[in-house]
Amino acid sequence: CDGVVKVHESVVASIVRKATCSVDGVVRLAGSSLVDNIAEIVGSKKMYDRAIAIDMGPTSVKIEVKVIFAYGVHIPTVAAAVQTAVIEEMNRITGMNVEKINVMVMDLEDGQPENE
């Protein structure tokens, strides 16, 4: 069959968000608040502009994700787990290669991570 399949940035952002939030020690994406979560439920994607930056290539992608970790976690271990989770999910779902993923830890918070 002829044609081209292109993956939109919003799909990549959705994968990054879900993979990142599934990692133990991640509380939430930076910039994500109750208002953002409600906005996301009704279809607004503006949170991605603050928390996830995506640079799409033809077969690969560069990603930066800004996160808030739980206070007391070992930051390098959790950051590496985020990188692994995003790379694996991106490859599994889109087949795209993640050329680079930068994890920016913006803050630490008490409380339980909000895993999805």
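So, to start: if you take the contacts in this chain between residues at least 6 apart in sequence, 75% of them join residues at least 24 apart. Keep that number in your heads while I go round the fold. And before I go on, a reminder that what you have on screen is a predicted model.

Okay, the layout. We've got four helices and four strands in the chain. Reading from the N terminus, the order goes α-β-α-α-β-β-α-β. There are 116 residues in the chain, and 36% of them count as buried. As for the surface, about 6900 Å² is exposed, with carbon and sulfur atoms supplying 53% of that.

Now the helix pair I'd like you to look at. That's α1, residues 9-21, against α4, residues 75-94. How far apart are the axes, and at what angle do the two helices pack? The axes are 9 Å apart and the angle is about 135°. That makes α1 oblique to α4, because roughly antiparallel would need an angle over 145. The crossing of α1 past α4 is right-handed.

Who's making the contact? From α1 you have Val12, Ile15, Val16, Ala19 and Thr20. From α4 it's Val82, Ala85, Val86, Glu89, Met90, Ile93 and Thr94. Sort those by class and you get nine nonpolar residues, two polar and one charged.

Let me pick two residues out of that contact. Thr20 first, on the α1 side. Buried or exposed? Thr20 is buried, with a relative accessibility of 0%. If you skip the neighbours within four places in sequence, Thr20 is in contact with Val26, Leu29, Val65, Val67, Val82 and Val86. Val82 and Val86 in that list are also on the α4 side of the helix contact.

Then Glu89, which sits in helix α4. Glu89 comes out as partly exposed, at 25% relative accessibility. The cut-off for buried is under 20%, so Glu89 doesn't make it into that class. Beyond four places in sequence, Glu89 touches Ile15, Ala19 and Thr94. Ile15 and Ala19 belong to α1's share of the helix contact. And Glu89 and Val12 are 77 residues apart along the chain, with 9.8 Å between their C-alpha atoms.

Just past α1, have a look at Val23, in the loop between α1 and β1. Val23 is a loop residue, and with a relative accessible area of 8% it's buried. Which gives us another long-range pair: Val23 and Ala79 are separated by 56 residues along the chain and by 9.2 Å, C-alpha to C-alpha.

Last stop, strand β2, residues 52-56. There are two residues here I'd like to put side by side, Ile54 and Asp55. Ile54 is at 18% relative accessible area, so with the cut-off at 20% it counts as buried. Asp55 is at 44% and counts as partly exposed.

What does Ile54 touch, leaving aside neighbours within four places? Glu9, Val12, Ala13, Val61 and Lys62. Val12 is one of the α1 residues that also contacts α4. On distance, the C-alpha atoms of Ile54 and Ala13 are 7.6 Å apart, for a sequence separation of 41 residues.

For Asp55, with the same neighbours left out, the contacts are Ser60, Val61 and Lys62. So where do the two lists meet? Val61 and Lys62 are in contact with Ile54, and Val61 and Lys62 are in contact with Asp55 as well. Asp55 also has a distant partner to show you: Lys100 is 45 residues away in sequence, and the C-alpha atoms are 9.7 Å apart.

To wrap up, the picture I'd leave you with is α1 crossing α4 right-handed, Thr20 buried in that contact, and Ile54 of β2 in contact with Val12 and Ala13. Happy to spin the model around if anyone wants another view.

Technical notes:
Residues are numbered from 1 along each chain as its sequence is written. This is a predicted model: local features need pLDDT of at least 70, side-chain atom pairs count only at pLDDT 80 or more; totals for chains, interfaces and linings use all residues. Side-chain values use heavy atoms; hydrogens and water are left out. Buried means under 20% relative accessible area, exposed over 50%, partly exposed in between (1.4 Å probe, protein chains only). Contact means heavy atoms within 4.5 Å. Accessible areas come from the Shrake-Rupley method with a 1.4 Å probe; for residues, only the protein chains shown count as cover. Axes are lines fitted to C-alpha atoms, for helices over the stretch in contact, and angles run from 0 to 180 degrees between N-to-C directions. Angles under 35 degrees count as roughly parallel, over 145 as roughly antiparallel, 65 to 115 as roughly perpendicular and the rest as oblique. A crossing is left-handed if the near helix is turned anticlockwise from the far one by less than a right angle, and right-handed if clockwise. Ala, Val, Leu, Ile, Met, Phe, Trp, Tyr, Cys and Pro count as nonpolar, Asp, Glu, Lys and Arg as charged, and the others, Gly among them, as polar.
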